[in-house]
Amino acid sequence: MEMDLSFWLQLAVVLVCVAIGGRLGGVGLGAAGGLGVCILVLGMGIQPGSPPVSVLLIITAVIACTSVLQGSGGLDLLVRWAEKLLRKWPRAITFVGPLVCSFFVMLVGTAYVAFAVYPVVAEVAASAKVRPERAVSASVICAGIGVMASPMSAAMAAMVGIMAMQGIAFWQILACTVPTFILTVLVTALSVFWRGCELEDDPEFKRRLANGDYQWLAGVNAEQKYEEKPFARRAVGIFLIGILVSICMGSIPGLRPAWEAAGKVSQLPIPSLIQMVMLATAFFIILLCRVPPEKFASGSVFRSGLIGVVGVFGIAWCTGTFFDLHTKLLADVFSSFAKDAPFVFCLAAFCASSVIFSPTVSTTIMMPLGLKFGLPPEFLIGTWACCFGDFMIPGGAQIGCTAFDRTGTTKLGSFVINHSYLRPGLVFVVSGTIIGWCISKIVF
């Protein structure tokens with residue numbers, strides 16, 4: 001098979017659907033992928049590929065568990081703890097903000113918990129006379145990419161599902177991504193530590209202060225009113241136990257059951273393990289924390305999570321259908337190229353992620369593609385940070401946090417990409433890719 005006209009037409013269909021879906025985002029991304037599958041299969045007669053069912057089921061189970069945690073009040077409790085930590089070291093907010101926000105994202109697996117504390121980061125920075133742009137931009141970037149180190153995130157679910165087929169253990173992925181992420185957070189915070197002039201010298205802040213557009217908040221360090229739900233702490237404890245069980249059993253093969261059939265021994269796959277443990281964890285939270293039925297799926301985590309599932313489903317099915325057909329051709333063309341210049345694949349993954357707007361979808365598309373090109377699994381895990389380029393074009397978190405900074409130092413810019421989040425984002429991706437690659441040499 002060679003790259004004839006039909007190949008280029010099929011590739012054009014995939015690229016157009018990805019581009020349109022990336023602009024629409026969310027459900028629109030999945031719908032555009034569904035359209036691509038229809039065109040490829042019904043219009044061009046290609047055999048449909050298999051959607052990533054295992055990945056989708058892991059994401060669904062994790063979403064269900066996290067949604068129940070939110071309904072129990074456990075997620076609000078975690079936000080409360082994050083606020084206390086942020087207010088404890090106001091002068092060091094440029095480092096504390098990214099570390100605290102990303103830690104809670106790592107724990108819960110969703111950037112929602114960080115979005116709830118971004119206003120606190122902005123106000124604590126302003127009250128300490130620290131330029132808020134530094135802390136806000138680094139916190140948003142680090143929290144958004146924190147899912148790469150979270151055992152509970154949809155992006156990690158995608159990576160585990162893909163790499164389990166390559167014989168990679170859960171602990172190996174975490175052993176590579178967690179230290180990579182922590183070191184990269186520090187590098188990212190350092191990159192903005194001296195950014196711009198000091199707050200009191202900033203022209204825009206002076207203008208707002210003179211016009212009365214900005215007023216210092218009295219008692220910014222005072223704790224806001226918060227009513228802890230009766231079983232919130234218990235829910236967080238059960239949630240943590242569920243995470244530990246998933247990691248331990250997924251990392252130690254001897255803890256997982258095995259069966260023999262037709263002379264062949266098969267062991268419980270890691271994706272199936274995570275699915276059942278997360279659903280069981282959700283059940284225990286519901287039962288032992290008395291979560292009302294109407295709270296099971298009414299929170300923002302459930303809604304945003306299912307939107308992500310639809311996006312992964314549609315666009316991954318579309319790209320999978322195309323790449324399954326042309327696997328041998330693409331492997332023959334790019335295998336030597338991937339071996340001689342593997343980091344060029346990282347650049348391609350970054351460019352793709354910057355228009356897809358979803359690290360989970362980018363992971364679902366690019367990691368299997370890298371494997372088909374002949375790249376080692378350990379290289380793809382180590383350089384995973386290159387799949388997190390969704391900050392290039394400002395999204396909801398960037399736009400919202402720009403508004404949270406009442407001093408006006410955090411900006412979106414007059415052009416599309418000249419915003420306050422560009423520097424920390426690029427620093428994170430570049431340094432994370434290099435650091436992760438080095439750490440993968442030690443882990444594997």
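# A guided tour of the predicted model

Begin by selecting Glu123 and Arg406, whose side chains are joined by a polar contact of 2.7 Å. The coordinates on display are those of a predicted model. Glu123 belongs to helix α7, which covers residues 118-127. Its relative accessibility is 14%, and Glu123 therefore counts as buried, the limit being under 20%.

**Two enclosed helices**

Next, select residues 93-108, which make up helix α5. This helix has 16 residues, and the distance from its first C-alpha to its last is 22 Å, close to the 22 Å expected at 1.5 Å a residue. Colouring by accessibility is useful here: 13 of the 16 residues of α5 are buried, so the helix is largely enclosed by the rest of the structure. Step just past the end of α5 to Gly109, where phi is positive, at about 90°.

Helix α8, residues 132-145, is the next selection. It has 14 residues and reaches 20 Å from first C-alpha to last, close to the 20 Å expected at 1.5 Å a residue. Of these 14 residues, 13 are buried, so α8 too is largely enclosed by the rest of the structure.

**The largest pocket**

Now display the largest pocket, which holds about 1,400 Å³ of space. To centre the view, select Ala111, Ser304, Phe357, Pro359 and Asp390, the closest to the pocket centre of the 50 residues that line it. Several helices each supply at least two residues of this lining: α1 (5-24), α3, α6 (112-115), α8, α9, α14 (300-325), α17 (359-372) and α19 (396-404). Helix α14 provides the largest share, with ten residues. Colour the lining by residue class to see 29 nonpolar, 18 polar and three charged residues.

**The cavity**

A search of the whole structure for cavities of 30 Å³ or more finds one. The largest cavity has a volume of about 40 Å³. To outline it, select Ile58, Val62, Pro151, Met152, Ser153, Met156, Ala157, Val160, Phe170 and Ile274, the residues of its lining. Helices α3 (53-71) and α9 (154-164) each supply at least two of the lining residues. The greatest contribution is that of α9, with three residues. By class, this lining comprises nine nonpolar residues, one polar residue and no charged residues.

**Aromatic pairs**

Turn next to the rings of the aromatic side chains. The whole structure contains 13 aromatic pairs. Select Phe343 and Phe379 to view an edge-to-face pair, with 5.3 Å between the ring centres and 75° between the planes. This pair links distant parts of the chain: Phe343 lies in helix α16 (residues 342-356) and Phe379 in helix α18 (residues 377-382), 36 residues apart. Is each partner buried or partly exposed? Phe343 has a relative accessible area of 36% and is partly exposed, whereas Phe379, at 7% relative accessibility, counts as buried.

Keep α16 in view and select Phe345 together with Phe373. These residues form an edge-to-face pair, 6.3 Å centre to centre with 85° between the planes. The pair likewise links distant parts of the chain, from Phe345 in helix α16 to Phe373 in the loop between α17 and α18, 28 residues apart. Phe345 counts as buried at 7% relative accessibility, and Phe373 is buried with a relative accessible area of 11%.

For a further aromatic group, select Phe7, Trp8 and Phe322, which ring pairs link into a cluster. Phe7 and Trp8 fall within the range of α1 (5-24), and Phe322 within that of α14 (300-325). Both helices supply at least two residues to the lining of the largest pocket.

**A final stop at α18**

Return to helix α18 and select Leu380, which has its place there. Leu380 is buried, with a relative accessible area of 0%. Add Met159 to the selection and draw a C-alpha to C-alpha distance. Leu380 and Met159 are 221 residues apart in sequence and 9.8 Å apart in space on that basis. Met159 falls within the residue range of α9 (154-164), the helix that gives the most to the lining of the largest cavity.

Definitions and conventions: Residues are numbered from 1 along each chain as its sequence is written. This is a predicted model: local features need pLDDT of at least 70, side-chain atom pairs count only at pLDDT 80 or more; totals for chains, interfaces and linings use all residues. Side-chain values use heavy atoms; hydrogens and water are left out. Helices (H or I, at least four residues) and strands (E, at least two) are DSSP runs, numbered from the N terminus. The expected span of a helix is 1.5 Å times one less than its number of residues. Buried means under 20% relative accessible area, exposed over 50%, partly exposed in between (1.4 Å probe, protein chains only). On a 1 Å grid over the protein atoms alone, a cavity is a set of points where a 1.4 Å probe fits but cannot get out, and a pocket is an open set with protein on both sides within 12 Å along at least five of seven lines; lining residues have an atom within 4 Å of a point. Grid points are joined across faces, edges and corners, and a volume is the space filled by probe spheres set on the points. Ala, Val, Leu, Ile, Met, Phe, Trp, Tyr, Cys and Pro count as nonpolar, Asp, Glu, Lys and Arg as charged, and the others, Gly among them, as polar. Rings of Phe, Tyr and Trp (its six-membered ring) pair if their centres lie within 6.5 Å; planes under 30 degrees apart count as stacked, over 60 as edge-to-face and the rest as tilted. A polar contact is a pair of N or O atoms within 3.5 Å; within protein, one must be able to donate a hydrogen and the other to accept it, and residues adjacent in sequence count only if both atoms are side-chain atoms.
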